[in-house]
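Biologist: Pull this one up for me, please. I'd like to go through it with you.

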Amino acid sequence: MPKLADKLAGMSDNPQPSVDYASLVRQIRQWGRELGFSAVGITDTDLAEAETDFLNWLGRGMHGDMDYMQRHGRKRSRPAQLVSGTTRIISVRMDYRPPGAHNSEDILGNSAKAFISRYALGRDYHKTLRSRLQKLATRIEQAVGKFGYRAFTDSAPVLEKPLAEKAGLGWIGKHSNVIHRNEGSWFFLGELFTDLPLPIDPPSARHCGSCDACMRACPTGAIVEPYTVDARLCISYLTIELRTSIPEKLRPLLGNRIYGCDDCQLVCPWNRFASDAACEDFGVRNGLDDVDLLDLFRWSENDFDLKLRGSPIRRIGHECWLRNIAVALGNGAGGAQVVDALQEKMKHSSAMVREHAQWALTRLSEKLP
Ligand code: SF4
């Protein structure tokens, strides 16, 4: 999490009185499209309803070990407390599904392969989105003069999804991701907090209706009720956020998912309308869309650091990488090479890696006739 004080851009006290803000919004949308955003919406800072939902979710302990969720008090739901002077949020979305990536269902159906969430197959999105948001701010500044702003992309205490819903970029589905009826849900979100008095967009209406496909598809039952995900059960949390042992009872449910999980999005009917990424940063790197678990398990720490430079996966570190792959290997069909590789990891310096390798060996031996 960046230090906010280090990141604050100067908030202007005097938005230009002569500016035609309706016209400026039209220009902002056009500039956004030129910068590769699939949509731009504007909203105000009132997140009262989302704040109640968020506090309830925290109160139920569903954030698990993500202590950072509790930090910053109500700044997360009160943008003007996070960045003084903020009156509007410019919310953007950018498609990330890598064009030409190997079919997800094929990979999920092959227990020797590693499944990695689509968003993580290419470059880390934080820099890409932030630099484009900065370019958008620069264009606005060239048009109206100095103004106050700050760019965010999943890197600070911001309730991105409720802001996007309010800004008309899509509705929050029962799986808690934002969906647009013409674009599906395979997109990143970013925000420019600003002090410009821009006209706001109408919020998106919800269109899940009676569908519950994502709730039924979730391998661990993490969508405990419509619109509520218990992170402690969510495979994305277990494989990315959790830095300790994966609870044993959940390990068999992970299958071959070693970094994130897309199941709720894969079954969502609105994703029939989704577009592939236009930004080349999100293209598949290192063949991660179709790779054997064993190949990845053999990567040394040095390999991991080198091959995943610039990838969002790198942030979980080599130890959690091995932990996740050991679980996936234990869920697979085994074989002499897999057993040898797991036994090799029984000499690893990390007790967590050794424990997960042992679990996998035991599980494989229990499957033997
Ligand atoms: S799968 Fe169905 S219930 Fe889930 S988010 Fe998509 S439309 Fe909504």
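Modeller: One thing before the labels start flying: helices (H or I, at least four residues) and strands (E, at least two) are DSSP runs, numbered from the N terminus. Also, this is a predicted model.

Biologist: Fine. Which residues are around the ligand?

Modeller: Going along the chain, you have Gly173, Lys174, His175 and Ile179, then Cys208, Cys211, Ala213 and Cys214, and finally Cys268, Pro269 and Trp270.

Biologist: How does that shell divide into nonpolar, polar and charged?

Modeller: The shell around the ligand has 8 nonpolar, 2 polar and 1 charged. Domain 1 (4-102 + 121-194) and domain 2 (213-274 + 283-367) each supply at least three residues to that shell.

Biologist: And where does the ligand sit?

Modeller: In the largest cavity. About 80 Å³ of space lies in there. Searching the whole structure turns up 1 cavity of 30 Å³ or more.

Biologist: What lines the largest cavity?

Modeller: Its lining includes Lys174, His175, Cys208, Cys268 and Trp270. By class, the lining has 8 nonpolar, 2 polar and 1 charged residues.

Biologist: Why does the largest cavity lie between the two domains?

Modeller: Because domain 1 (4-102 + 121-194) and domain 2 (213-274 + 283-367) both give residues to its lining.

Biologist: OK, pockets now. How much space lies in the second largest pocket?

Modeller: About 240 Å³. The second largest pocket has 15 lining residues, and nearest its centre are Arg97, Ser104, Arg118, Trp186 and Leu266. H5 and helix H10 (263-266) are the elements giving two or more residues to that lining.

Biologist: What's the chemistry of that lining, by class?

Modeller: For the second largest pocket, it's 5 nonpolar, 6 polar and 4 charged. At least three of its lining residues come from each of domain 1 (4-102 + 121-194) and domain 2 (213-274 + 283-367).

Biologist: Switching topic: how many aromatic pairs does the structure hold?

Modeller: There are 15. One of them is Tyr96 with Tyr119, an edge-to-face pair at 6.3 Å centre to centre, with 80° between the planes. That pair links distant parts of the chain, 23 residues apart. Tyr96 is in the loop between strand E2 (88-95) and helix H5 (104-108), while Tyr119 is in the loop between strand E3 (115-116) and helix H6 (125-144).

Biologist: Last thing, backbone. Which residues other than glycine have a positive phi?

Modeller: As background, most residues other than glycine have a negative phi. Ser176 is one with a positive value, near 85°, and Asn286 is another, with phi near 55°.

Biologist: Where are Ser176 and Asn286 found?

Modeller: Both are in loops. Ser176 lies between strand E5 (171-172) and strand E6 (178-179), and Asn286 lies between H10 and helix H11 (293-297).

Notes: Residues are numbered from 1 along each chain as its sequence is written. This is a predicted model: local features need pLDDT of at least 70, side-chain atom pairs count only at pLDDT 80 or more; totals for chains, interfaces and linings use all residues. Side-chain values use heavy atoms; hydrogens and water are left out. A residue is near a molecule or strand if one of its heavy atoms lies within 4 Å of it. On a 1 Å grid over the protein atoms alone, a cavity is a set of points where a 1.4 Å probe fits but cannot get out, and a pocket is an open set with protein on both sides within 12 Å along at least five of seven lines; lining residues have an atom within 4 Å of a point. A molecule sits in a cavity or pocket if more than half of its atoms lie within 2 Å of its grid points. Ala, Val, Leu, Ile, Met, Phe, Trp, Tyr, Cys and Pro count as nonpolar, Asp, Glu, Lys and Arg as charged, and the others, Gly among them, as polar. Domain bounds come from an automatic or database domain assignment. Grid points are joined across faces, edges and corners, and a volume is the space filled by probe spheres set on the points. Rings of Phe, Tyr and Trp (its six-membered ring) pair if their centres lie within 6.5 Å; planes under 30 degrees apart count as stacked, over 60 as edge-to-face and the rest as tilted.
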